[in-house]
Amino acid sequence: MAASGQGFVAEFKDAVTPRAALLVIAVLLLQLGFIVSYVGALHHPSPHQLSISVVAPPEVQPKLVAALEAVPDDAVKAGTVAGPAEATALIKDQKIYAALVFDPAGTQDTLLVADARGPAAARAAEEIATGIAKGQGRTVVVQDVVPLAPGDAEGLSSFYLVIGWCVGGYLVASILGISAGSRPAGTGRAVIRLGTLALYSVAAGIGGALIVGPVLDALPGSTWALLGLGSLVVFAVGAFTMALQCLFGIVGIGLAVLVFVVLGNPSAGGVFPPPLMPAFWRAIGAWIPNGAGTDVARSIAYFDATGIAVPLMVLVAWAVVGVAVTLLAVSFRPGRQEERPPGRAQEPAPL
C-alpha cells in the first residue's frame, strides 16, 4: 500500500509540474478576481456627482440647486443654465446628464434626460428630481431628448459591440502566441504578427459595424466611423496582449484577461454609466480600451461624435505602447528562439 501511495505521489508530481500548479493557482485568483470585479462594480449602483442642471427664474434657482446638492452621498453635481434650449444642447454635447426645467406658471416641472447616455442614469435623475418636487408639492414629467434606437434595448449595443471587438483582439494575439511561440524570434517575425493583427482588426471592424448597422439595425450612426473604431479597438487590445506575451510569455495571456476582462468590462460604462459605479471602477473605466471604445461607439451612434477626442487618444496610446513594447522586447533578445509551450517541437517559419 505504501509503495502504491508513493507511486501515486510520484505520478502526481510528474503530471502536475510546479509550473502547472502555479498556473492553476493564478487561474483561481483570476476567476475570483472576475467575480469580485463584476459583482463589486455592478451589484449596488448609486449616483455620485450625477450632473443635473437647473433652468428656473433667478429667485427660484438657488433653492433648487441647494435641494439637489443636499441629496445624500454627494449624489448630484448641480448647476444652472439659461434655458431649455441650452440645457438640451448641453445634454446632446454630453456635458450634463439631465436638466430640471422649472415651470413658474404651474406645478409640473420637466426633467430633460438622454436615455442614449444610459437609461440607468436617466432613471436615477428622475428619482432624484421626483423626490425634490414631491417635497415642494410639485410633480415632474420626463422628456427624453436623445432616445435610444428601437433596436438598442437598454442602450447596451455599443457596449456589447466593443466588448466583442476586445475579445477578438486578445484572442487572436493569444492564438498567435500559443500556436507560433509567445515571443517572436526576431523583429521581422514581430512585424509579420503585427501586420497579421492589423489585417484581422480591419476585418473585425468591418464585420462588427455591418452587424450592428445594416444587418441588425441595432445602432444608428455612421457605419464607416464604427468600422474605423472597431479596427482601432481590436488592434489596440491585440497589440497590447502581444506585448504582454513578449514580456511574460504565456502568463501574458492571463494578464491580458485581467486587464481587458476582469477590469475593463465592468468599468466600461455599458451596464451603468460612470456616475453610478463605485469609485475604483469609475476612475479606471475611461482609460481602458473597453470603456474608451464604448464611449466613442455611443457618441458615434447618438451624439454626432461629440467628445471622442480623449477616448480616441486613449485607444491610440494602447496601440502605440503595444507595438513599441513588442518590438523593443524582441530587439533586446537577439538570436533568441521563440518561446513555446513545454514539449512543443520547433516548427519552421512560424509567424
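Colleague: Looking at Ala99, which residue is its bridge partner in S4?

Modeller: In S4, Ala99 is partnered by Leu112. This is a predicted model, where local features need pLDDT of at least 70 and side-chain atom pairs 80 or more, while totals for chains, interfaces and linings use all residues. Numbering runs from 1 along each chain as its sequence is written, and side-chain values use heavy atoms, leaving out hydrogens and water.

Colleague: Thanks. Which way do S3 and S4 run, and how many bridges join them?

Modeller: S3 and S4 run antiparallel, with 4 bridges joining them. Strands (E, at least two residues) and helices (H or I, at least four) are DSSP runs numbered from the N terminus, and strands pair if DSSP finds at least two bridges between them.

Colleague: And how many residues does the hairpin from S3 to S4 go through?

Modeller: The hairpin that links S3 to S4 passes through 6 residues.

Colleague: OK, carry on from S4. In what sense do S4 and S5 pair?

Modeller: That pairing is parallel: S4, residues 108-113, and S5, residues 139-144, share 6 bridges.

Colleague: If I want to find that on screen, which residue in S5 is the bridge partner of Leu111?

Modeller: Go to Val142, which is the S5 partner of Leu111. You can also pick Val113, which faces Asp144 in S5.

Colleague: What do S4, S5 and the helix H5 make together?

Modeller: S4, H5 (residues 119-135) and S5 form a β-α-β unit, and that unit is right-handed. Right-handed here is judged with the strands pointing away from the viewer: the path from the first strand over the helix to the second runs clockwise.

Colleague: Where else is there a β-α-β crossover that is right-handed?

Modeller: Let's take the strands first. S1 pairs with S2 (residues 76-80) in the parallel sense, over 5 bridges. Within that pair, Ile52 sits opposite Ala78 of S2. From S1 the chain goes through helix H3, residues 61-69, and on to S2, in a right-handed β-α-β crossover.

Colleague: And how many bridges does S1 have with S3?

Modeller: S1 pairs with S3, residues 98-101, over 4 bridges, and the sense is parallel. To spot this one, look at Val54, with Leu100 of S3 opposite.

Colleague: How many residues of S1 are buried?

Modeller: In S1, residues 50-55, 6 of the 6 residues are buried. Buried means under 20% relative accessible area with a 1.4 Å probe and protein chains only; over 50% is exposed, and in between is partly exposed.

Colleague: Which residues are on each side of S1?

Modeller: Leu50, Ile52 and Val54 are on one side, with Ser51, Ser53 and Val55 on the other, and both faces are covered. In a regular strand the side chains alternate between the two faces of the sheet.

Colleague: Changing topic to cysteines: how many disulfides does the structure hold?

Modeller: The count is 0 disulfides, where a disulfide is a pair of cysteine sulfur atoms within 2.5 Å.

Colleague: Is Cys166 buried or exposed?

Modeller: Cys166 is buried, and its relative accessible area comes to 1%.

Colleague: What about Cys246, buried or exposed?

Modeller: Cys246 is buried too, with a computed relative accessible area of 2%.

Colleague: Great. Before I go, remind me which residues I should click on for the S4 and S5 pairing?

Modeller: Leu111 with Val142 is one pair, and Val113 with Asp144 is another.
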